[in-house]
Each structure stands twice: as structure tokens, then as C-alpha cells.
Amino acid sequence: MTATRAIVAPSHTADSIKTPRSRAVNVRGLPGRLITWAALVVFAVFSVVPMIWLILAPSKTAAELTSQNPFSFGSFDQYAIAWNNLMLFQDGRLVTWIINSVWYTAAIVAISCATAMLAGYALAATPLPFRRTLLMTTLIAMVVPPVALVLPLFIEVTAIGLYDTPWAIILTSSFYPFGVFLAYIYFTSSIPKELYEAARIDGCGEFGIFWRVAFPLAKGLLGMLAFFSFTATWVNYFLPYVMVTSGDILPLPVGLGVLFSATPALNPGVGATILPIRQPEIALAGLIVAVPILIVFVASSRLLVRGVLAGSVKS
Amino acid sequence: MGTLAGTLMFAPYFILLLAFGIVPVVMAFFTALKPSLANPAGGFMNYLLVIQDFRFLPALTNVVTFLVIYVPLMIVVVALMSLLLDAIQSRWTVGLRAAYIVPASISGAVAILVWYFMLEPTYSPFAGLLESVGITEGSQIWNTGSLVWIFVLMAFFTGAGNWIIVQYGSLQSIPDDVLEAARIDGANAAQLALLIKLPMIKRYLIYMAILTFAAGLQIFVEPYLISSTVYPGLADNWSLNQLAYSFAFQSANLGASAALSLMLFVVCVIAALIAIFRTDFFEDVRSETRKTRRAARRAGIPAGSAL
Amino acid sequence: MNKRYAIATMAIVAAIGLSGCTAGAPSGDAKPELLIWVDSTREPAAKAYKEAVKDDVDVTVEVIDTAEVVTKISLANTTGSGWPDVVFAGNPNDVATLADPSNGYAADLSTAVDQSVFDDYNGANEWCNIEGKYYCLKNDLAQSVLWYDAPLMEQLGLKVPTTMDEFATEAMKLKGTGYVAGAIGDQNFYASYLWPSGCPMSDAQNMTTVRIDPDAPECQRVAELVQPLVDAGVLDTRSSFDAGFLADVAQKGKVAMTFGPSWFGEFVMRPESSWAIPAGHVAAAPMPTWDGNDKAYSGEWGGGIWMVSSHSESPEAAADAAVYLATDPTLMTDSATFPASGPAFEAWSERVSGDDYYASDPVAAMVEQATLINPSEKPVRYDISGQIGSVLSTEINGGTPIADAVRKFQDSLIQLAPGSGYTVEQ
């Protein structure tokens, strides 16, 4: 089995071919089965409890949060009240942050996927000069976590005058070596070379081949690239935190950090009398950050099972 | 002509690679030599200055302790849970998998928020559990001694589910005939897991360990944000990255900050090189030039099937 | 909302009165633009100001974490842009860093601000005086006083202490009753014990020398007095803001007395969401005297300051804004904190004195302590409140013996100070 396959491929066997029975007999004996199931279920419960709490929290008032059962449901009205209270913070600054996050993320996903796909294709299917060097550099950049370069990036972004602009976040986050690697693997292994050659014989230029042959076959790849780019970008904190400072251009996660420190919800020293932003409100704000990611993840868990050895981006 | 087209296609990414992958490293190298109030002469003294700073050793100890707990925990739990998940074969695994992926959405700033509440007995759904180990108030948990465990918990929770699913995916791709053969030889479930399946996913576990290590080394958000909540300053300068941040923006010492960042960067690059050249994970890529076609044939993936 | 609207309206009225006599009124075309950074507590005031001057000045209000004022301004220094014209720092110590030439953010206000403003402070702005120049305007004084629950003290048969030994004796009587004499697991321990005692922690002798002495008797006696009270369970080692402390102790009315800054009554003890002490209970007394001190000194927890940017393009408008935000009587009337400027204080004390929430008028004790803030602590360029959070409070929360916690805290300051250009003497 090759790395290549593990990353993009184990796939076609994963979801269909295996007959459930053949593995079901693996764990024989009732005690073994019970222990296995118990472990799996307990782990599942621990996994979902925090999220369930987070979803329920804004339905209660701050007082009810401490007095009632953590899993009780307050009322739907309370979500609206919490939202309205959040809107009091800097005249609805939260909405600005949401809009910022949406368009920054959209721009990053678009740029990172487009550049990664083109570069991956170039590495895989065209006679690129210095290709080995470029591939190695990309591999190294892929394993080194993006956080490692945040402070040096700050120095650079300041020097070129992009500091405190949306572009400081968008451009730096669009560098996506992992995507290039994925695309490279995809174009080398899942599209037969013969196809490219046939197109070449038909008189297609390299761009024509990419556009007419490779791209239409790479919708799946595009989905994967977008998935990893989105999940990494939407929650990113450190990089945008260092890249911008003005309140009206912060993305949502950084804004959430501002809410932590500037409201009495988590930092009661700030002053319980001024802002009605307390625990339910902060939980709602957290929920707004978490839900898009949650939906994307749960919807894509099939994708992950298909052997994209790549949770790597998140670790 | 193909060369030109390929170069053009590679160019947009290459610009990003150059601008945000290579140039910052070069700039950091020169910035790290800059003088500051604390070191008016500048130069390589900045590196020494960082290492001699009284916060450096505690931060290093914290991060090392964190890694020593976090990385093995990830390997053991991820291996165990994915093997267990693979051992049962039931339609319920779909639900279990969905459950395991949920915590991945609680990361970064949201993780701080959620874990504050989870570990504060006044709010926590785990209050009973906390009480059973003698914890009745938040300050028993939120103190310097247990910070490392809190960060391990947060990082583990965010990352483990993802990896369990991924490793489960690798396990599922082990051909049935291999398992069948072992079973006929009389292997029981445990032997099957430990002797057949585990060795087959070993390389992915190692790869995961390296990535986890590199990411863990850079820990910043969790300790940083904790310090602006109920326990102000609790984890100030807890991690090396926080220290780098403090150098840059509290002591106005960009030189020291860049020096520390570079040191961390070098460790990560070494980890990357180990991943690439010392594990067999990227074997195919390393020798790709000649083998591409063979790999493609072996992989034999239906085009467009990944989603 | 109504209240806020009312403030804004009053602010407009006040501003119309003001604009006639200030020099900052812009002449001609370009409307000056001001960026003001505040914490969320000061946001309504800043908005009221924005509203009041909207025809003359374009004000942008930004809420930030005031613990990060120095960080964010250093960041602006690095990038060479993005400084706020006016900034509120909840941590008055920040002025030392920001006024230092190596940072250069804080503008010298000595001439930009009218002398009468300084006169109105009547000495309460001396914190901002660095080498003869004023680099900030005090928003409020956060002098510690002894807060107590009057009916409860009577019921328990405790008398209000006037010396620290009496305090210890009275507090010890609470042993085993479930009542406490306050919580020390936060900055209160620094501000209401160590500082009033005169323990040298940021005793700057001049611009380059600071005295930090863990062996000073003023430090040791604090630990000696407090440790038995902690052991007896009458001083809680959590923070006064801790959710558990609120639920188990404060909201159950179990705080018989506690030292606390002048804003404790309005800000901590009174609000429903905080300690929720009902009306008719809270009273304040002057600080007890430490044996050996000639005066009954206070410390300060907070006592925020306003600073003006030396990089501002509209320095006059910025200075006007700072003066207004720091001293306007109408604005200050409803503040939770004790206004530092005289006229603002008059208006404020009228409201608080007449408030029948209090069992007795707490203002007298605050006024007495206002001039008794122990001069042993001074602004320094190292982040003392950061160390309080990461060392002192954390150690106390974690159950470290008080003497060890204080020593560790001071040792950390000794290590930190040289990085900010100080020589430490003991």
C-alpha cells in the first residue's frame, strides 16, 4: 500500500465493498463486545456533551445557567434576547465580524484552491523546471504549521504596508502547500496519463488540457481542497490577530477574543453593570463561530473516512 | 511550450510560496540581528538573550511537558479508538463517527469558551464527575500546575476525533483477504488488531505524531486567551510562542522575537525533514519522477471519486 | 437604554457650554478625526462624547481589552501607524511605559491642558506626574476602604476595626461560622494588603532604579497576619469575581467585611449579577492602620487614566476629549468609580451619599482614604499587574502559603525589572 493511496484513495473500498459480517465476527465473546461498545459510546458521549451544552446555553438566562440542569432547555425567546444583547456591543459590531469572516474566508478558499489546483497540476502533468526542489519545498511547508511563521509574516506585512488591511489576512492565509500536495497526488494518481497524452495529440495546449480534461475530472479534488481550506481558515485566530488591529476589520474568531476580554461574560472584572453580555450571550457568539464548522465537518465525515489522511491540517 | 505553460500555472502559487513561505524566513533572519534596548549591539547575541531570558526556561519546560503528554496520548487514544471502531461493524459506526468529529468544531477561541464552562463546576455538565475527583470550584483546576493538562485536554479534544476518523479510514482500506487469512490462522480480535492492523497503520500514526508535535510546539491561542478571562494573566508567557509575542509587542524587541520564532521554525523544519526522509510516508513522492505512472496504476482510483 | 440616552443628552448640553471656552474648536474646513480606545465600562461615556461633539469632531470609539493597551500601542509603534488619539488605560501603571522616551506614545499634557484642570484635581493627578510633567489624566481613584455588611456585623457582634491587628482579631471570630472577611485570590490582595502596608514592589527611586524587597518587614507582616486567617477559612483564597465564590459565599450574604477599592460598592457588591447584596447592608469605613505605619494607608486597584497620543494629528481636539472624558461632572455622576477630579467628584458624591442603597454614607470613608494612597508604589515600566495575575493570584488560588506566594511574586518582579531598564535595589 502506498502513501499516495492512503491519502487520496483507499476510498473505493471504504464505503461499499466490505461486507459488514466479515468483520463483525472479529470481536467474539460477549464481554469483549460489551467493553468495546462501552468504550466507543463513552467516548462519543464525551465528544458531544460540550457541543450540546453550547447549543443549549443561550436558551437560558445567566441565572438559569447556574441554577438549572446543564442539559435543560430554557426558551427560544432567550436566543433572540441573547442576540439582541450581543448587538449592543459596539452597535452591532458582531455583524461586521461575521460579514468580514464570510468574505475573508470566501476569498481565501477561492484563491488557495485555485492556486493549489493549478500548481498541483503543473507539478503532476507538465515538464516543470526544478520540479523536485519545488515539490520538496512544498512538502516541508506542508508539515511546518502555519503558526510558525506568524511573527515573521507580521514583520513582512508591515514592511510592505499591508498591515491592518483585510489583504494581510487573505494573502497570507492563501498560501496552501497542503492543497498543492493534495492536488499533485490527485493529478498524478487518479487521472491516467494516457488521457493527457490523448488530448495533446488532439492538439490541445497545456491550458486546454487542464481546462477541458483535468479540471472537469477534479470536482472531487476541489471539494476536498475547499473543505480543508475552509476548516483551517474559519477558526484561525493567531494569524489574523497579529495581522489586523482595527475593530471593524477583525474576523469573527478574533472578535470573539475581544468579547472575552472586554465583556463581563468571562472576565467579570470588566464590569457587570455596563453591558448585558454575559454567559448566555458569549455562548451564542461561540456557537456562531462553531456551527458552520460543525456542519461542514459532520457533512464531510464520510470524506474523511475515505482515507484523506489529512486531518493533518488541523491536528 | 509545455514548460512555459506549466511554469505559468505554477506561478500564482509560487508567488505565494515565495512571499509568505520563504521571504518571511529570510526577513526574520535579518530582523533577528537587529539591536534593541536590551541588546544595543544586536547580532547573534539576540539568540543568547532569548535563551537567557528568565521566562524562556519555564516556557520551554511547559511546552515540552505539553508535548510529552499530548503526542503519546494522541497516538495511544487515536490508535485504540480507531481499532475499536474498526473491530465492530455495524451501521451505528456512522453515528459514532459523526459524534467523534463534533469536537473538531470546538477549536481556538471557542475551545477556551467551552472549556471554561466545562471545567467550572458552577456551570459544568461534568460537575458530578469533577466533584467525584474532589473538585468543587474552578480555581482548583485553573491554576498553574494544571494548566498543561487543560491545554492537553483542549488540544486532544479538538484533534483526536478527526484523526480517529482518518485512521479508521486507513484501517478500512486493509484488504479483507489479509484479515481473513489471519483469522483462518486462528488470530482472535485482539491479536488481529495488534499484530495485523496496527503495523499497517503505523506509518500514518508516525506521520500524525510528527504533525501533532510540530503544531503542539507552536501552541499559542489557548494559553493566550485564557489569560484574558476570569483568571487574568494566568498563563502569561506560558508557551514559547507567547514569549516571542511578548518580546515583539511588550518589550518592543523584534530582534529577540524573530530569533525565538526562527528557533521554533528550525525545529519544525527538522520535524518535516524527518517526516519526509526518515519515514516511508512520502516514499512515493521522493522517488516520484520515475514511478509516477506505476503509482497511478497501482492506486487505480476512479477519477473524481474522492467526494 | 434610557439612562444612557439621558447621559448623552446631558453631555450635549455640557458640551455646548464647553465648546465656547476651549481652544480646540476647529476652524475652517477639515473636521478633526479622533480615534478613542476605551474599555467597555467607559464606552457609554465615550459615545456620549462622540455625540456631544459630532458637529465639530469625527470621533471613532473602539472597545479594547485595557490589559492590552501597552501591547497594542507597541504594535502601532512597530508599524508606525494606528495609534489611538486618546486611550483609556484601566491599569494606571501603563503611563510609565507609554511616557518613556523609548516608547514615546503619551503626550505631555502639562501645557496642552489648561492649568485649571490640574488645579481641580487637587493633588489627585500626581500619579501622572513623571519628572515634573503630566502624561495622563486620572479618570478615577480606586483607593481601598473597608467595606462591611452593617446589619451582619452587628448581628455577629463584630466591631469595625481601626488597626490591622483588630481586623485580624475580628476576622478570626468568624472562624467556623461560614462567614468570611473577604477574598484575596485576585488583585485585591496586592491593592488592599501589600500596597497599604508599604511592601516595596514598584518603589521607583528614579527613572532607572526601583526598590523591590521581599525581605522588607512591610511584606513579611502581611503574610504573617493573613496566613492564620486563610488557615481558619475566614479569608477566601478565590477571586472576588470567581463564579464559585459568588455562588457559595457572596450571593448568600456571607461576606461580613472585605477590603476593596472605592468602586467595590457600586460595581461588585450591588449589581444583581455580581454579589447582589440587598439594600440597607453595605457600608464603608476607613482603612485600618498597619502597626508601625503612621497613617492608615490605602492602595489602589484600578484607578484608570486617560492618555493622549503624541502622534495625534489633532492634538488639541485629543486633549479636549481627554479632559472631557476624565473630568466632566455630568458624565461622571453615574460612574461606578470615584471621580478623581474635584467638580466631578462633587456631583458624584451627591448621588452616592443620597443613595439609600447604602446602610450609611460610604463617601466619607472614601474621601478620607483618597489622600492616603501609600506613596510607596509608583508607576513602573514593567507589567506589575500581569505578574499579579500570573504569579501572585495564581499561587494564592492554588493554596501556596502566603509568604511563599508573595516572595515568588516579588522575585518575578526582580527578574522582570532589568528588562525594562531598571536596576533593582533591596
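**Exercise 1.** Describe the contact between chain A and chain C in this predicted model.

*Solution.* Start with the residues: 25 of chain A are in contact (heavy atoms within 4.5 Å) with 22 of chain C. Next take the area. Chain A and chain C bury about 2,000 Å² between them, 55% of it on carbon and sulfur atoms; buried area is the accessible area (1.4 Å probe) that two parts lose on being put together, summed over both. Then count the salt bridges (a side-chain nitrogen of Lys or Arg within 4 Å of a carboxyl oxygen of Asp or Glu): there are two between chain A and chain C. One of the residue pairs joined by a salt bridge is C:Glu62 with A:Arg93, at 2.7 Å, N to O. Finally, on the side of chain A that touches chain C, helices H9 (150-159) and H16 (252-262) of chain A each supply at least two residues. The largest share, three residues, comes from H16(A). Helices here are DSSP runs (H or I) of at least four residues, and strands (E) of at least two, numbered from the N terminus.

**Exercise 2.** Which strands of the sheet E9-E10-E15 (chain C) stand at the edges?

*Solution.* The sheet is open, with three strands and mixed pairing; strands pair if DSSP finds at least two bridges between them. Strand E9 (203-204) and strand E15 (423-425) of chain C are at the edges, because each has a single partner strand. E9(C) and E10 (residues 209-211) of chain C run antiparallel, joined by two bridges.

**Conventions.** Residues are numbered from 1 along each chain as its sequence is written, with chains lettered from A and ligands numbered from 1 in the order in which they are written. Local features need pLDDT (the predictor's confidence in each residue, from 0 to 100) of at least 70, side-chain atom pairs count only at pLDDT 80 or more, totals for chains, interfaces and linings use all residues, and side-chain values use heavy atoms, with hydrogens and water left out.
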